[in-house]
Amino acid sequence: MADMDLRTILAPLTDGYVLLPNSVVGEILNFTSPEPFKQSPPWLMGEIAWRGWQVPVVNYERMIRDKGITTITSKSRILIVKTLGESTQVNYIGLLIQGLPRLRKANAETLHEKQTEELPETVFSIVTIDNLQAFIPELGDLTRVVELTAYDG
């Protein structure tokens, strides 16, 4: 049924994808180096100014997998995501992605949840869509973790 389709953004990571509802995506920016925080874990890259907001930039893949350094290339982008949370300091988060996202319509036929024992705190689900593995972030948890880490919430 067409009315059961959800418009999504499928954004490439180094190894896999992140899948988000189209409605939470603010903009896709060419990569610019974020201003680093004084002390932060490797996944928290710093913050950028965007439309009057200070936006923390997260290497989400590194956050959830705790592996390696993602190389910044000419294809690297920052995906601005509306947090939808109750945070007073973090209204948007920038996610490091590796190329241009694709629009996808997700529905029961195209989206299949991967059964896993335990997911990282900021991951709502791991799915396959169009035979590609994607992470669906838990935006509330992601916002809380970023706020506590970046701004001592």
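These legends walk through several close-up views of one predicted protein model.

Being a predicted model, it supports local features at pLDDT of at least 70 and side-chain atom pairs at pLDDT 80 or more, while totals for chains, interfaces and linings use all residues. Residues are numbered from 1 along each chain as its sequence is written, and side-chain values use heavy atoms, with hydrogens and water left out.

**View 1. The whole chain, with its 2 helices and 11 strands.**
Reading from the N terminus, the elements go β-β-β-β-β-α-β-β-β-β-β-β-α. Helices (H or I, at least four residues) and strands (E, at least two) are DSSP runs, numbered from the N terminus. The radius of gyration is 15 Å, close to the 15 Å that the globule rule gives for 153 residues, so the chain is as compact as a globular protein of that length. That radius is taken over C-alpha atoms, and the rule is 2.2 Å times the number of residues to the power 0.38. Along its principal axes, the C-alpha trace spans about 50 × 35 × 35 Å. Of the 153 residues, 47% are buried; here buried means under 20% relative accessible area, exposed over 50%, and partly exposed in between (1.4 Å probe, protein chains only).

**View 2. The surface and the charges of the protein chain.**
About 8,700 Å² of the chain is accessible surface, and carbon and sulfur atoms own 49% of that. The areas come from the Shrake-Rupley method with a 1.4 Å probe, and for residues only the protein chains shown count as cover. As for charge, there are 14 positive and 19 negative ones, and their mean positions sit 9 Å apart. Lys and Arg count as positive and Asp and Glu as negative, with His and the chain ends not counted. Each charge is placed at NZ of Lys, CZ of Arg, CG of Asp or CD of Glu.

**View 3. The largest nonpolar core, with its 28 residues.**
Val58, Tyr60, Met63, Leu95 and Val146 are the members that touch the most others. Strand E1 (6–12), strand E2 (17–21), helix H1 (60–65), E6, E7, E10 and helix H2 (139–151) each give two or more residues to this core, and H2 gives the most, with 5. A second, separate core has 10 residues, including Phe31, Ile78, Ile80 and Leu96. A nonpolar core is a set of buried Ala, Val, Leu, Ile, Met, Phe, Trp, Tyr and Cys residues joined through side-chain atoms within 4.5 Å.

**View 4. Val146, a core residue in helix H2.**
Val146 is buried, with a relative accessible area of 0%. Leaving out residues up to four places away in sequence, Val146 touches Trp43, Leu44, Pro56, Val58, Met63, Val90, Ile93 and Tyr151. Contact means heavy atoms within 4.5 Å. From Val146 to Ile97, 49 residues apart along the chain, the C-alpha separation is 17 Å.

**View 5. Tyr60 and Glu61, with their contacts.**
Setting aside neighbours within four places in sequence, Tyr60 contacts Val18, Leu95, Thr122, Val123, Phe135, Ile136, Pro137, Glu138 and Leu142. Glu61 lies in helix H1 and, at 5% relative accessibility, counts as buried. With the neighbours within four places again left out, Glu61 is in contact with Leu13, Thr14, Asp15 and Asp66.

**View 6. Leu29 in strand E3 (residues 25–30).**
Leu29 counts as buried at 17% relative accessibility. Apart from neighbours within four places in sequence, its contacts are Ile48, Trp50, Arg77, Ile78 and Ile80. Leu29 and Glu47 are 18 residues apart in sequence and, C-alpha to C-alpha, 13 Å apart in space.

**View 7. Asp130 and Asn131, in the loop between E10 and E11.**
This loop joins up with strand E10 (123–129) on one side and strand E11 (132–137) on the other. Neither residue is a glycine, yet phi is positive in both: near 55° for Asp130 and near 65° for Asn131. Asp130 is partly exposed at 40% relative accessibility, while Asn131 is exposed, with a relative accessible area of 79%.

**View 8. Glu86, in the loop between strand E6 (76–82) and strand E7 (92–98).**
With a relative accessible area of 82%, Glu86 is exposed. Arg144 is 58 residues away along the chain, but the two C-alpha atoms are separated by 9.1 Å.
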